[in-house]
Amino acid sequence: MQTKVNQVANEEKVVKKNKIESYDISRSDETMHLAIDLAKFIKENRLYQNIQGKEYVNVEGWQYAGSRLGILPIVEELTSMTDSTEIKYLAKVNLLNLRTEQVVGAGFAICSNKEQGRKYYQEYAIASMAQTRAIGKAYRNILAWIIRAAGYEPTPAEEMDYQGNVQDAKVEQARPAAPAKTMKAVPVEAEAAAPAPAAAAPAQAEDPAVKYATAKQKEEIIRLLNNPVITRQEKTKMLLNINKLDEERAKQSIQKLKKVIEDREHEQSAAA
């Protein structure tokens, strides 16, 4: 009998040891422990982007912090502001505290295909990004100090995305014009494949972090994904991961897409 009691006690200890901690946002001592845990989780899973030398946490990192506090996002509104010249969506997200069942925060965000790097985005992608930004914004309004304590910038990476794209656009404008004979090719492809100018090299050398895909590379990927021979499933899968691609992987994706399109168009021509 005593042996069985000891066995149960040992099992309870194992359960307690392996139990995932949860934190209370009202207790500063607990949230500081969360900041330490958060810093480790974000780093191990690379849930951040380096933008102009500073590290910004992706919305997945903010969601992890919220889930450890029992705070989950709920999309309350998704409003289309689309007209004949622009695809545009407004999203509102509420944060629900599962312990108290009360709304403890909210965030609004807009996404438009007129933003730099989103020219070829389809409507569902614009609507999805508006919701993603709103989730990050809602968490930022109540958890920014915890993310700062974890060692990261207190702004979601998705909010900074447009600023990074604007920076890329300035670099593109500084490039010399291509020779007239090359204009017969698709301009986006030519620029995406062109090497960066020597003047940009020092700036890249100063930042040892991963260089994520440029706005021009994203535009090229989206343009290729809109080809009729690419399936909806293939398009959706790549769009969901496009912001996680670094420059080299983006380059490889572009080459692969071109090859797939060429092969499938050849097959269709042969079948006709």
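A cavity here is a set of grid points where a 1.4 Å probe fits but cannot get out. With that in mind, welcome to a set of close-ups of this predicted model.

**Figure 1. Overview of the predicted model and its cavities.** Let us start with the whole chain before zooming in. The protein is built from ten helices and five strands. Of its 272 residues, 38% count as buried. Among contacts with a separation of 6 or more, 64% are made by residues 24 or more positions apart. Two cavities of 30 Å³ or more are present in the structure, and the next view turns to the largest cavity.

**Figure 2. The largest cavity and the residues around it.** This space amounts to about 40 Å³. Its lining is made up of Tyr120, Tyr121, Gln122, Ile222, Leu225, Asn226, Lys235 and Leu239. By character, five of these residues are nonpolar, two are polar and one is charged. At least three lining residues come from domain 1 (28–159), and at least three come from domain 2 (215–271). Helix 8 and helix 9 are both represented, each with at least two residues in the lining.

**Figure 3. Helix 8, largely enclosed by the rest of the structure.** Follow helix 8 from residue 215 to residue 225. Ten of its eleven residues are buried, so the helix is largely enclosed by its surroundings in the model. Among the buried residues are Lys216, Lys218, Glu219 and Glu220, and they are joined by others including Ile221, Ile222, Leu224 and Leu225. Two of the helix 8 residues named here, Ile222 and Leu225, also appear in the lining of the largest cavity.

**Figure 4. Asn227 in the loop after helix 8.** Here we move on to the loop that links helix 8 (215–225) to helix 9 (232–241), where Asn227 is located. Asn227 is buried because its relative accessible area is 18%, and the cut-off for buried is under 20%. Setting aside residues up to four places away in sequence, Asn227 touches Ile261 and Glu265.

**Figure 5. Glu123 and its contacts in space.** Glu123 belongs to helix 4, which covers residues 123–149. With a relative accessibility of 38%, Glu123 counts as partly exposed. Beyond its neighbours within four places in sequence, Glu123 is in contact with Ser80, Thr82, Ile87 and Tyr89. Look for the pair Glu123 and Ile87: they are 36 residues apart in sequence, yet their C-alpha atoms are 6.4 Å apart in space.

**Figure 6. The hairpin of strand 1 and strand 2.** Strand 1 (residues 48–51) pairs with strand 2 (residues 54–57) in the antiparallel sense, over four bridges. Across the pairing, Gln49 stands opposite Tyr56 of strand 2. Two residues lie between the strands of this hairpin. Gln52 is in the turn, and Gln52 has a positive phi near 50 degrees although it is a residue other than glycine. Most residues other than glycine have a negative phi. The relative accessibility of Gln52 is 62%, so Gln52 counts as exposed.

**Figure 7. Glu101, a further residue with positive phi.** This last view shows the loop between strand 4 (88–97) and strand 5 (102–112), where Glu101 is found. Glu101 is not a glycine, but its phi is positive at about 60 degrees. Glu101 is exposed, and its relative accessible area is 67%.

Definitions and conventions:
Residues are numbered from 1 along each chain as its sequence is written. This is a predicted model: local features need pLDDT of at least 70, side-chain atom pairs count only at pLDDT 80 or more; totals for chains, interfaces and linings use all residues. Side-chain values use heavy atoms; hydrogens and water are left out. Two strands pair if DSSP finds at least two bridges between them. Buried means under 20% relative accessible area, exposed over 50%, partly exposed in between (1.4 Å probe, protein chains only). Contact means heavy atoms within 4.5 Å. On a 1 Å grid over the protein atoms alone, a cavity is a set of points where a 1.4 Å probe fits but cannot get out, and a pocket is an open set with protein on both sides within 12 Å along at least five of seven lines; lining residues have an atom within 4 Å of a point. Grid points are joined across faces, edges and corners, and a volume is the space filled by probe spheres set on the points. Ala, Val, Leu, Ile, Met, Phe, Trp, Tyr, Cys and Pro count as nonpolar, Asp, Glu, Lys and Arg as charged, and the others, Gly among them, as polar. Domain bounds come from an automatic or database domain assignment.
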